[in-house]
Amino acid sequence: MDENLDDIRIKIQKMAEVAEVNGEPLAWFEDLYDSANRKSEDIPWARMEPHPQMVEWIANRPEINGKALVVGCGLGDDAEWLQEIGFDVTAFDISKSSIDWCKERFPDSTVDYCVADILSHPENWENKFDLIVEIHILQVIPENIRDTAAKNLSLLLTNNGHLLCIGRLFESNIVEQPVPPWPLGRVWLESQFTDLRLVNFTRFTSENNSIGDFPSLPRFIASWQKIDY
Ligand SMILES: C[S@@+](CC[C@H](N)C(=O)[O-])C[C@H]1O[C@@H](n2cnc3c(N)ncnc32)[C@H](O)[C@@H]1O
């Protein structure tokens, strides 16, 4: 019988707590993808379609093109969409099972899928990408290593490259939970990308679209550009 979403969330909480205690706070992602046995219903963030706000943001910016990097690509829908509209896409995830799953879902894909960690990215990725897409990644990385992950994102951009971030937005009335996802504050986000120029920062909720979980929670879509001074 399928576990319902509440059961899966409880399971994730436990996995995340165990991983933290074991000193490998991101190890639970592999455990989750592996134990899902290719049932996307067991991956609470799997939309099985590109993120609608990403699609709208890119569609309004036809001048952005070239090499794209999808960070923590999950089941691959954002990467596939970007490749379809003409980007040359590299997509990576810390979980080998998620990357294997992407390759099985899209056997004819020309996306370069690989296992990698944003905390220790391959050196030859630096200054390489015209677009970096980060959807719901920084918010699942514990605070003590989150700054490193954020700083690495800007290293990978070309001059004039764009960074797109989408996630849960921290507001003062939100009670922080001990387990992920942790909503991100605008002040923290802006403090991470001081070498980039903020292009837009928009708060939204998902009440009018198909993003399933917790539709009334505040979220943000924000982008920065690396300016060659
Ligand atoms: C909440 S999911 C979001 C997945 C996808 N971006 C989406 O929107 O559906 C977070 C993803 O980031 C991956 N991840 C977590 N830490 C990572 C890291 N340090 N480097 C690369 N991927 C990571 C996880 O394995 C998981 O697939």
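**A tour from Arg38 to the ligand**

Select Arg38 first: 13 C-beta neighbours lie inside 10 Å, so Arg38 counts as partly exposed. The model on screen is a predicted one. Arg38 is placed in the loop between H2 and H3. Check its backbone too, since phi of Arg38 is near 70°, a positive value in a residue other than glycine. For background, most residues other than glycine have a negative phi.

Now step back to Asn37. Asn37 also has its place in the loop between H2 and helix H3, residues 52-59. The phi of Asn37 is positive, about 50°, although Asn37 is not a glycine. Is Asn37 buried or exposed? Asn37 is exposed, because 8 other C-beta atoms lie within 10 Å.

**Helices H1 and H2**

Show residues 5-21 as helix H1 and residues 28-35 as helix H2. The two axes come within 9 Å and cross at roughly 140°. The crossing of H1 past H2 is right-handed. To see the contact itself, select Ile12, Met15, Ala16 and Ala19 on the H1 side, then Trp28, Asp31 and Leu32 on the H2 side. By type, the residues of this contact comprise six nonpolar, no polar and one charged.

**Helix H4 and the core**

Move to Glu80, which is found in helix H4, residues 77-84. Glu80 counts as buried because it has 22 C-beta neighbours inside 10 Å, and the cut-off for buried is 20 or more. Apart from residues up to four places away in sequence, Glu80 touches Phe106, Ser109 and Val111. Draw a distance from Glu80 to Ser95: these residues are 15 apart along the chain, and their C-alpha atoms are separated by 18 Å.

Next, select Val70. Which residues, leaving aside neighbours within four places in sequence, is Val70 in contact with? They are Asp78, Ala79, Leu82, Val89, Ala91 and Val133. Val70 also belongs to the largest nonpolar core, which has 54 residues. Add Ala68 and Ile132 to the selection; with Val70, they are the residues with the most contacts inside that core.

**Strands S6 and S7**

Go to Arg219 in strand S7, residues 219-225. Arg219 has 21 C-beta neighbours inside 10 Å and therefore counts as buried. Its contacts, leaving aside neighbours within four places in sequence, are Ile166, Gly167, Arg168, Leu169, Phe204, Thr205 and Ser206. Take Ile166 from that list and draw the C-alpha distance to Arg219: the separation is 7.4 Å, with the two residues 53 apart along the chain.

Then select Arg203, whose place is in strand S6, residues 197-204. With 12 C-beta neighbours inside 10 Å, Arg203 counts as exposed, because the cut-off for exposed is 12 or fewer. Not counting residues up to four places away in sequence, Arg203 touches Leu169, Pro218 and Phe220. Leu169 is also among the contacts of Arg219. For a longer view, draw a line from Arg203 to Ile85: C-alpha to C-alpha they are 26 Å apart in space, and 118 residues apart in sequence.

**The ligand**

Finish at the ligand. How many residues surround the ligand? There are 17, and the closest are Phe29, Gly72, Gly74, Ile94 and Ile135. Colour the shell by residue type to see ten nonpolar, five polar and two charged residues around the ligand.

Technical notes. Residues are numbered from 1 along each chain as its sequence is written. This is a predicted model: local features need pLDDT of at least 70, side-chain atom pairs count only at pLDDT 80 or more; totals for chains, interfaces and linings use all residues. A residue is near a molecule or strand if its C-beta atom, placed from the backbone, lies within 6 Å of it. Ala, Val, Leu, Ile, Met, Phe, Trp, Tyr, Cys and Pro count as nonpolar, Asp, Glu, Lys and Arg as charged, and the others, Gly among them, as polar. A nonpolar core is a set of buried Ala, Val, Leu, Ile, Met, Phe, Trp, Tyr and Cys residues joined through C-beta atoms within 7 Å. Two residues are in contact if their C-beta atoms, placed from the backbone, lie within 7 Å. Axes are lines fitted to C-alpha atoms, for helices over the stretch in contact, and angles run from 0 to 180 degrees between N-to-C directions. Helices (H or I, at least four residues) and strands (E, at least two) are DSSP runs, numbered from the N terminus. A crossing is left-handed if the near helix is turned anticlockwise from the far one by less than a right angle, and right-handed if clockwise.
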